[in-house]
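Visitor: I would like to go through some of the labels attached to this model and hear the reasoning behind each of them.

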Amino acid sequence: MSHRSAIVIGAGVVGTACALNLLERDFDVTLIDRDTPGHGASFGNASVIAATEVVPISAPGVMKNVPKWLLNPEGPLFLSPAYFPRVLPWLIRFLRNSTHARTEANASALASLCNRAVTDTREWLAGLGLDHDMTQNPSLRLYPSMAAVDADAYKLGLRKHHGVDFEVIDAGEIRRLEPSITGSYGAGVLTTGAYYLRNPVRPVARSIERFQARGGTLKQAEVTKLTHGETAPGVRLATGDVLTADRVVLAAGIWSDTLARSLGARFPLESERGYHVQYTGLDVGLSRGLVDTVRGFAVSPVDDGLRVAGTVEFKGLKAPLDPRRTRVLENHARTMFGDALHDKPRTYWLGHRPSLPDNLPVIGPSKRQIGLFYAFGHGHLGLTLAATTGKLVADILSGTQPSLDPSPFAADRF
């Protein structure tokens, strides 16, 4: 069964992992992207292997928080009024997943991926010679008070149920662990099992090098549509050329739904527009990743500085970066670190998290077109789940028994 062929559409971290895993299963693989590999949503993440994030965002209690967030110009969620009619169906589905029953089912499915994420990512990095790029240190979730931690008991209990170990600490312990934090936080949750990448783009670049060195074909081109075929879809490029293979994997992030629609499939895929502000050349002595649970942002030390990432904006794919949102992140960072950030050089970034309303990705075969497979919709966990998704896709396409049940991620669940 060697020398089967595959086309992977999308050279972000997920698509690149799929392509490399298929190549290692003796597929002849062509990887296509219109942009530089790894420079979409994969570029601007918080640089965390967040295998402990097994609780879906659409957990009980989210409904009562949405109005409060929307009324706060510096809150974790911004919704453009003009975009509201477009995103409303997605939001309704999202809120329907906030029941206890749906949350617990979705958390179990998410945990099945997250529980493999560290091992699979470590194996992926070792194969690239990047063993030392991933470091471990307990992450710190920051709360305004112990009462706020108590109010989060349901989600913390769900984490513990799925094997996430954590310790609740007070303000004094926060200051001892991270003296650079000047903001007022009354409590924290120190979570073991957190891992960090000093440079989240480097593994993608190294994967591309390995992919091409082993005979994979990288093609920079725009895919405009998929066409029906007897054994697999055709892949039409903007040039008019049509490429064919035995199998096609659609891993194009937020643009996956547009391509799937060319074959009649539709997914409730929405862009949770995420921002980051990166303070270059800055070292405040931070030893771990931080999450502000109230303001909805994360801080990570990276190779060339400090990355402040987060918030969710619903505004579609075409709207440009909104400087008001980056100012929100800058204000949050000043709240956390005070004068340490004053006048420090910084860069800004906007990316599109491809998110589905149940917070689970789509991984598996199309029901409409033989030979087409999906690997998209990872939301906030693209970097975390990339290596595991790549192995799972390669298992399915090569006929190997998957090491986890892929049915919760089936395309026809919508």
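Visitor: By class, what makes up the lining of the second largest pocket?

Guide: This is a predicted model, and in it the lining of the second largest pocket comprises nine nonpolar, three polar and seven charged residues. The volume of that pocket is about 520 Å³, and among the 19 residues that line it, Arg86, Asp257, Arg261, Leu269 and Glu270 are the closest to its centre.

Visitor: Which element supplies the largest share of that lining of the second largest pocket?

Guide: The largest share, four residues, comes from α3, while α3 (84–96), α9 and β15 each supply at least two residues of the lining.

Visitor: Turning to the aromatic residues, how many aromatic pairs does the structure hold?

Guide: The structure holds six aromatic pairs. One of them joins Phe43 and Trp349, whose ring centres are 6.4 Å apart and whose planes stand at 45°.

Visitor: Why is the pair of Phe43 and Trp349 called tilted?

Guide: The centres, 6.4 Å apart, lie within the 6.5 Å required of a pair, and the angle of 45° is neither under 30 degrees, as stacked would require, nor over 60, as edge-to-face would, so the pair is tilted. This pair links distant parts of the chain, with Phe43 in the loop between β2 (27–33) and β3 (48–49) and Trp349 in strand β19 (residues 346–355), 306 residues apart.

Visitor: What makes Phe43 partly exposed and Trp349 buried?

Guide: Buried means under 20% relative accessible area and exposed over 50%; the 27% of Phe43 falls in between, so Phe43 is partly exposed, whereas the 15% of Trp349 is under 20%, so Trp349 is buried.

Visitor: Why is the pair of Phe267 and Phe376 called edge-to-face?

Guide: Their ring centres are 5.2 Å apart and their planes stand at 85°, and because an angle over 60 degrees counts as edge-to-face, the pair receives that label. Phe267 lies in the loop between α9 (256–261) and β15 (270–280) and Phe376 in strand β21 (residues 372–376), so the pair ties together parts that are 109 residues apart in sequence. Both Phe267 and Phe376 are buried.

Visitor: Which charged end sits over the ring of Trp255?

Guide: That is the charged end of Arg34, 4.9 Å from the centre of the ring, which is within the 6 Å cut-off. Lys160, in turn, lies over the face of Phe166, at 4.6 Å from the ring centre.

Methods: Residues are numbered from 1 along each chain as its sequence is written. This is a predicted model: local features need pLDDT of at least 70, side-chain atom pairs count only at pLDDT 80 or more; totals for chains, interfaces and linings use all residues. Side-chain values use heavy atoms; hydrogens and water are left out. Buried means under 20% relative accessible area, exposed over 50%, partly exposed in between (1.4 Å probe, protein chains only). A charge sits over a ring if NZ of Lys or CZ of Arg is within 6 Å of the ring centre and within 35 degrees of the ring normal. On a 1 Å grid over the protein atoms alone, a cavity is a set of points where a 1.4 Å probe fits but cannot get out, and a pocket is an open set with protein on both sides within 12 Å along at least five of seven lines; lining residues have an atom within 4 Å of a point. Grid points are joined across faces, edges and corners, and a volume is the space filled by probe spheres set on the points. Ala, Val, Leu, Ile, Met, Phe, Trp, Tyr, Cys and Pro count as nonpolar, Asp, Glu, Lys and Arg as charged, and the others, Gly among them, as polar.
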